[in-house]
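Student: Please take a close look at the salt bridges in this model. Work through them pair by pair, then place them in the rest of the chain.

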Amino acid sequence: MKALIASTTLALLSAFSSAQEANEESLAAAAKLIETMEVRQEMATGFKAAMEPMLQPMIQQLGLNPEQVAELNEIFTSWWEEDVDQEAVIEKFKNVYAETFTAEELTELELFYQTPLGKKMLHLMPELTQKGMQIGMEAAQAKQPELMAKMKAFEEKVSKQKAPAEEAPAE
């Protein structure tokens with residue numbers, strides 16, 4: 001019996017060790033992929049691209065002049081560059097990639113992103129993502145009346161279900 005427990009424990013420990021090595025291998029491959037994809041630079045570019053439309057309502061609401069707009073932009077830029085722990089964000093990206101893909105798959109992705117087509121894809125990905133979001137938003141807006149009708153029916157149903165429960169005498 002002791003031999004069975006010992007061998008089972010040894011098998012579990014070696015399986016855990018293999019999984020840990022694979023994880024370390026995947027983490028290393030993810031780190032290389034992140035470098036190839038220039039994620040740090042893309043994060044900065046993405047932040048700057050998102051900042052203007054994000055700040056526009058605030059600029060209009062506050063009626064800021066160009067000098068104040070520049071100051072507001074500087075506040076957000078310095079916050080991004082100095083306060084946001086970008087290395088922690090990169091570390092989380094690395095973990096997500098390592099959990100999602102095998103080390104072999106990560107290596108294949110890295111090789112792809114080193115090709116001219118892969119580089120083009122990386123360069124165009126933010127634009128494609130933005131266009132995709134716009135398409136989705138337009139499709140959702142076009143069907144907003146249908147959603148509102150379904151929400152109204154749901155609210156009425158919930159109200160009717162609550163009404164009898166509220167009218168029931170307490171025991």
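Tutor: A salt bridge here is a side-chain nitrogen of Lys or Arg within 4 Å of a carboxyl oxygen of Asp or Glu. The model is predicted. By that criterion, a search of the whole structure finds five salt bridges. Three of the pairs are taken up below, starting with Arg-40.

Glu-87 and Arg-40 form one such bridge, and their closest N and O atoms are 2.8 Å apart. Glu-87 belongs to helix α4 and Arg-40 to helix α2, so this pair ties together parts that are 47 residues apart in sequence. Arg-40 also meets the side chain of Glu-35 in a salt bridge, at 2.5 Å from N to O. Glu-35, Arg-40 and Glu-87 are thus linked in a network of salt bridges. In general, side chains of opposite charge can pair when their charged atoms come close.

Buried, exposed or in between: where does Arg-40 stand? Its relative accessible area is 30%, which makes Arg-40 partly exposed, because that class lies between 20% and 50%. Glu-87, at 44% relative accessibility, is partly exposed as well.

The residue before Arg-40 in the numbering, Val-39, belongs to the nonpolar core. The largest nonpolar core has 20 residues, and Met-37 and Val-39 are those with the most contacts inside it. Five helices each supply at least two of its residues: α1 (2-36), α2 (39-62), α3 (66-83), α4 (86-100) and α5 (103-114). Helix α2 gives the largest share, six residues. Once neighbours within four places in sequence are set aside, Val-39 is in contact with Ile-34, Ile-90 and Phe-93. In soluble globular proteins, nonpolar side chains tend to be buried together.

A further bridge lies in helix α6, between Lys-131 and Glu-127. The closest N and O atoms of this pair are 2.9 Å apart. The two residues are four positions apart in α6, so about one helical turn separates them. Lys-131 is partly exposed at 49% relative accessibility, and Glu-127 is partly exposed at 38%.

Helix α6, residues 116-142, also gives the most to a nonpolar patch on the surface, with three residues. The patch is formed by Phe-112, Leu-117, Met-121 and Leu-128, with about 360 Å² of accessible area together. Phe-112 is found in helix α5. Its relative accessible area is 32%, so Phe-112 counts as partly exposed.

As for the chain as a whole, its secondary structure comes to seven helices and zero strands. Of its 171 residues, 16% count as buried. The accessible surface is about 13,300 Å², with 61% of it belonging to carbon and sulfur atoms. Among contacts with a separation of 6 or more, 71% join residues 24 or more positions apart. The pair Glu-87 and Arg-40, 47 residues apart, spans a separation of that kind.

Terms used:
Residues are numbered from 1 along each chain as its sequence is written. This is a predicted model: local features need pLDDT of at least 70, side-chain atom pairs count only at pLDDT 80 or more; totals for chains, interfaces and linings use all residues. Side-chain values use heavy atoms; hydrogens and water are left out. A nonpolar core is a set of buried Ala, Val, Leu, Ile, Met, Phe, Trp, Tyr and Cys residues joined through side-chain atoms within 4.5 Å. Buried means under 20% relative accessible area, exposed over 50%, partly exposed in between (1.4 Å probe, protein chains only). Contact means heavy atoms within 4.5 Å. Accessible areas come from the Shrake-Rupley method with a 1.4 Å probe; for residues, only the protein chains shown count as cover. Patches are made of residues with over 30% relative accessible area and no salt bridge: like charges are joined within 9 Å, nonpolar side chains (Val, Leu, Ile, Met, Phe, Trp, Tyr) within 5 Å.
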